[in-house]
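Here's a quick walk through one protein model, going from the overall picture down to a few individual residues. Have the viewer open as you read.

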Amino acid sequence: MTRATSDIPPPVASGSMRIRREIRVEPQLAARRLDQVLAALIPELSRSRLQLWIESGQVRVDGVARRSRDKVWGGELIELDAPIEPVGDCLAQAIPLNPVFEDEQILVLDKPAGLVVHPAAGHRDGTLQNALLNHDPALANVPRAGIVHRLDKDTTGLLVVAKTLEAHRSLVEQLQARQVHREYRALVIGEVVAGGRIEAPVGRHPTQRTRMAVVANGRPAITRFRVLERFAGHSLLAVELETGRTHQIRVHMAHTQHPLVGDRAYGGRPRPPKGASAGLVEALQSFPRQALHALRLGLEHPTLGTAMSWEIPLPADLAGLLEQFRCETSA
């Protein structure tokens, strides 16, 4: 790939959350579109981000704002001066994290139940984003402190964070291309007969705006699942995502009449099986969250290009509930 000649060091975001570059267009890139040239010369930034900056006048060619489709002919000086998406008023907070893997590009975490990923109404602090800014202050220079996908507040398990702009671009592209492998464990209500594939669009619930639902005008969503164990009135599933819509697994399983245990929002009220012991009844009634855990994560390393994967055990609360079911079955 043709490299840029630059009068200043490689791209870093300043303390004011801006990225600045000066690039002289080389003759080999003559007669190509401006956005194509920038995408080739600054591969750590996505083409869509560069196009946005070009159209908003934050990219100049020989001092003049140009359009994405305008061509360059070699020798021009391209100047980029644009803001990185701010993290707003999100402050660093000393919240414990459980890293599974970390290098200069990515951080893989085991997220506990109860931890909100992004600040939002009702959760202005105490989030994963606050914790990340404390863990590595340089993450303030990466959109959303490097968070490229999310887990619901009470879902546990593996989540990857981008530590650089290059890693952020790569991970976002892998997610969009469905190249990130995510496998979950889900304990659902009902004895699921066989595995399958759910393809049903997910969008905002038409009347209950805090919930999602399968709706005709929703975004395409695909979930695959297989049965690992069956218990009285319940099933343990391995679930894989092809898409990553908000509450996707919870909505899709409820749509098939098999809501997740503990998921009060989507119909997972306790349903102890007939003849269940007092211990199992208590365990089901007191389980405080949706029984969902991100067990496995696989992706391509953003700079090394190597396939990487991680697996973590079930959290104690879900493992304990499953043990109650197994004891009941073997009794």
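The protein has 7 helices and 18 strands in its secondary structure. Keep in mind that this is a predicted model. Its C-alpha trace spans about 80 × 40 × 40 Å along the principal axes. There are 331 residues in the protein, and 47% of them count as buried. As for how the chain folds back on itself, take the contacts between residues at least 6 apart in sequence: 64% of these join residues at least 24 apart.

On the outside, the accessible surface adds up to about 15,700 Å², with 51% of that belonging to carbon and sulfur atoms. If you care about electrostatics, the protein carries 41 positive and 36 negative charges, and the mean positions of the two sets are 7 Å apart.

Now for the helices, starting with α7. Helix α7 covers residues 316-330, and at 1.5 Å a residue its 15 residues should span 21 Å; the end C-alpha atoms are indeed 21 Å apart, so expectation and model agree. Which residues of α7 are buried? They are Leu318, Leu321, Leu322 and Phe325. These four cover an arc of only 95° around the axis, which means they sit on the same side of α7. The background is simple helix geometry: an α-helix has 3.6 residues a turn, so residues three or four places apart point the same way. Over on the other side of α7, Ala316 and Ser330 are exposed. The cover over the buried residues of α7 includes strands β11 (181-189), β15 (222-231), β16 (234-241) and β17 (292-300), along with helix α6 (278-286).

Helix α1 (residues 34-41) is another one to look at, being mostly covered, with 6 of its 8 residues buried. Those buried residues are Leu34, Asp35, Val37, Leu38, Ala40 and Leu41. What do they pack against? The partners are β2 (18-24), β3 (32-33), α2 (47-55), β4 (59-61), β6 (71-72) and β7 (77-83).

Next, three loop residues, with their relative accessible areas side by side.

| Residue | Relative accessible area |
|---|---|
| Leucine 151 | 3%, buried |
| Arginine 144 | 48%, partly exposed |
| Histidine 247 | 17%, buried |

Leucine 151 belongs to the loop between α3 (128-135) and β10 (156-162). With a relative accessible area of 3%, leucine 151 falls under the 20% cut-off, so it counts as buried. Who keeps it company? Setting aside neighbours within four places in sequence, leucine 151 is in contact with Lys111, Val117, Thr156, Gly157, Leu158, Leu159, Tyr184 and Ala294. For a sense of distance, proline 270 is 119 residues from leucine 151 along the chain, and their C-alpha atoms are separated by 23 Å.

Arginine 144 is also placed in the loop between α3 and β10. Its backbone deserves a glance: phi of arginine 144 is near 50°, a positive value in a residue other than glycine. Histidine 247, in the loop between β16 and α5 (248-255), has a positive phi too, about 60°, although it is not a glycine. At 17%, histidine 247 is under the 20% limit and therefore buried, whereas arginine 144, at 48%, lands between the 20% and 50% cut-offs and is therefore partly exposed.

Conventions
Residues are numbered from 1 along each chain as its sequence is written. This is a predicted model: local features need pLDDT of at least 70, side-chain atom pairs count only at pLDDT 80 or more; totals for chains, interfaces and linings use all residues. Side-chain values use heavy atoms; hydrogens and water are left out. Helices (H or I, at least four residues) and strands (E, at least two) are DSSP runs, numbered from the N terminus. Buried means under 20% relative accessible area, exposed over 50%, partly exposed in between (1.4 Å probe, protein chains only). Contact means heavy atoms within 4.5 Å. Accessible areas come from the Shrake-Rupley method with a 1.4 Å probe; for residues, only the protein chains shown count as cover. Lys and Arg count as positive and Asp and Glu as negative; His and the chain ends are not counted. The place of a charge is taken as NZ of Lys, CZ of Arg, CG of Asp or CD of Glu. The expected span of a helix is 1.5 Å times one less than its number of residues. The arc is that of the directions from the helix axis to the C-beta atoms.
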